Amino acid sequence: MYPSIWKSILKEFYALKVQGIDIFSHCKIMIGNGLCTRFWIDRWLDNTSLADSFPRLFALETDIDISVAAKLQSIVASFRRSVRGGVEDHQFQQLVSMLDSVILSSTNDRWICDLNGDTIFRVKDIRNLLDEFFLPKVNVPTRWVNVVPIKINIFAWKLALDRLPTRANLALRGVVSDPLSCPICESHVEDSSHLFFNCSLAKDVKSLVCRWWNVGVPNFTSYVEWLVWFNTIRLGSKPKIILEGIFYVTWWSLWTYRNQYLFASKKPRKDAIFDDIALRSFCWCNARGSFKFKWDSWLQHPFLISL
Ligand SMILES: [Zn+2]
């Protein structure tokens, strides 16, 4: 026997259903002439089959595979006996009123997909459905800061999702084994919380940035904690956007430093990191923002500049 592609697809659908994704529920029948659709078994009128919705009437049926077309000619003709009062009659009245709106046409019955507005089945929609289900949920919204370049925003976004190729993440994917320790301090596993928030270098740079901006020296130890702290800072909206951009630049500078430390022939200078952050963010903010700073006031009182 040859393997059938449809059999394989159905097998996958059933496997996904066990995991909680019911693709069948997104595939519906658009009724045409009603000849190829089973009245009781197929889900053509509602999200559930009529057999499930009207069990007492289904129990009266003598032809359980009867088509929609045949049944609509006479609902009661294939019943083993007439409908009696009580629950049976109640279900019967309900069914009749539901069928009132059904109008058969001359076209064939066809399958449609309800994952998009135009009812056409697309692999892309299924893929999105699976991604939504299987990819880790992130509570951090995408934050775009327009005063720094897109590459810096993307970098910060990857940090928020913990998708940077730190040694801990590479080990998780089986890319590297030992050593996993931070190349800068060699005292801790190099994961993103350590590298950008807890490493002695990251803490030193954070202190300089926070003093520069007169926002105290907070003790955040991860991206999430940084976000909580950042949301509570009292600053005007534009200076706050600039400060967010400066944090992005800070993380990017720490990552650049780490890469040079690991891979460049000449070791980078620690004491140049802060100057580099101040200069880069000055150039980017002046080039991209709708405001202009002077270098001296940028260095001394950036948070006081009225925007
Ligand atoms: Zn370290």
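**Exercise 1. A loop residue in a predicted model**

Glu 186 is exposed, with a relative accessible area of 62%. The model is predicted. Task: state where Glu 186 lies and what sign its phi has.

Solution.
- Step 1. Check the label. Exposed means over 50% relative accessible area, and Glu 186 has 62%, so the label fits.
- Step 2. Place the residue. Glu 186 sits in the loop between helix 8 (167-172) and helix 9 (192-198).
- Step 3. Read the backbone. Phi of Glu 186 is near 55°, which is positive. Most residues other than glycine have a negative phi.

**Exercise 2. A second residue to treat likewise**

Task: decide whether Asn 214 is buried or exposed, then find its loop and its phi.

Solution.
- Step 1. The relative accessibility of Asn 214 is 56%, so this residue counts as exposed.
- Step 2. Asn 214 belongs to the loop that joins helix 10 (200-212) and helix 11 (223-232).
- Step 3. Its phi is about 60°, a positive value, although Asn 214 is not a glycine.

**Exercise 3. A residue in between**

Task: classify Val 96 by accessibility and locate it.

Solution.
- Step 1. Val 96 is part of helix 5 (residues 87-99).
- Step 2. Buried needs under 20%, and exposed needs over 50%. Val 96 has 28% relative accessibility, so it counts as partly exposed.
- Step 3. Add a distance. Ser 74 is 22 residues from Val 96 along the chain, and their C-alpha atoms are 11 Å apart.

**Exercise 4. The zinc site**

Task: name the donors of the zinc ion and explain why the arrangement is tetrahedral.

Solution.
- Step 1. List the donors. They are Cys 182 (SG), Cys 185 (SG), His 194 (NE2) and Cys 199 (SG).
- Step 2. Read the distances. The donors coordinate the zinc ion at 2.1 to 2.3 Å.
- Step 3. Check the angles. Four donors count as tetrahedral if all angles lie between 85 and 135 degrees. Here the four donor atoms subtend angles of 99 to 118°, so the arrangement is tetrahedral.
- Step 4. Write the spacing. In sequence it is C-x2-C-x8-H-x4-C.
- Step 5. Check burial. His 194 and Cys 199 are both buried.

**Exercise 5. The largest pocket**

Task: describe the largest pocket by volume, lining and residue class.

Solution.
- Step 1. The volume of the largest pocket is about 570 Å³.
- Step 2. Its lining has 19 residues. Leu 10, Phe 13, Phe 24, Cys 27 and Trp 111 lie nearest the centre.
- Step 3. Find the elements. Helix 1 (5-18), strand 1 (27-30), strand 2 (110-113) and helix 6 (123-134) each supply at least two lining residues. Helix 1 gives the most, with six.
- Step 4. Sort by class. The lining has 14 nonpolar and five charged residues, and no polar ones.

**Exercise 6. The second largest pocket**

Task: describe the second largest pocket in the same steps.

Solution.
- Step 1. The second largest pocket holds about 170 Å³ of space.
- Step 2. Its lining includes Ser 253, Tyr 257, Arg 269 and Asp 276.
- Step 3. Helix 12 (237-263) and helix 13 (273-288) each supply at least two lining residues. Helix 12 gives the most, with four.
- Step 4. By class, four lining residues are nonpolar, three polar and three charged.

**Exercise 7. The whole chain**

Task: state the domains and the separation of their centres.

Solution.
- Step 1. The chain is divided into domain 1 (5-134) and domain 2 (150-304).
- Step 2. Taken over C-alpha atoms, their centres are 56 Å apart.

Note on methods. Residues are numbered from 1 along each chain as its sequence is written. This is a predicted model: local features need pLDDT of at least 70, side-chain atom pairs count only at pLDDT 80 or more; totals for chains, interfaces and linings use all residues. Side-chain values use heavy atoms; hydrogens and water are left out. Domain bounds come from an automatic or database domain assignment. On a 1 Å grid over the protein atoms alone, a cavity is a set of points where a 1.4 Å probe fits but cannot get out, and a pocket is an open set with protein on both sides within 12 Å along at least five of seven lines; lining residues have an atom within 4 Å of a point. Grid points are joined across faces, edges and corners, and a volume is the space filled by probe spheres set on the points. Ala, Val, Leu, Ile, Met, Phe, Trp, Tyr, Cys and Pro count as nonpolar, Asp, Glu, Lys and Arg as charged, and the others, Gly among them, as polar. Donors are N, O and S atoms within 2.8 Å of the metal (3.2 Å for Na, K and Ca); water is not among the atoms, so sites may look incomplete. Four donors count as tetrahedral if all angles lie between 85 and 135 degrees; four count as square planar and six as octahedral if opposite donors are over 155 degrees apart and all others between 65 and 115; anything else is irregular. Buried means under 20% relative accessible area, exposed over 50%, partly exposed in between (1.4 Å probe, protein chains only).
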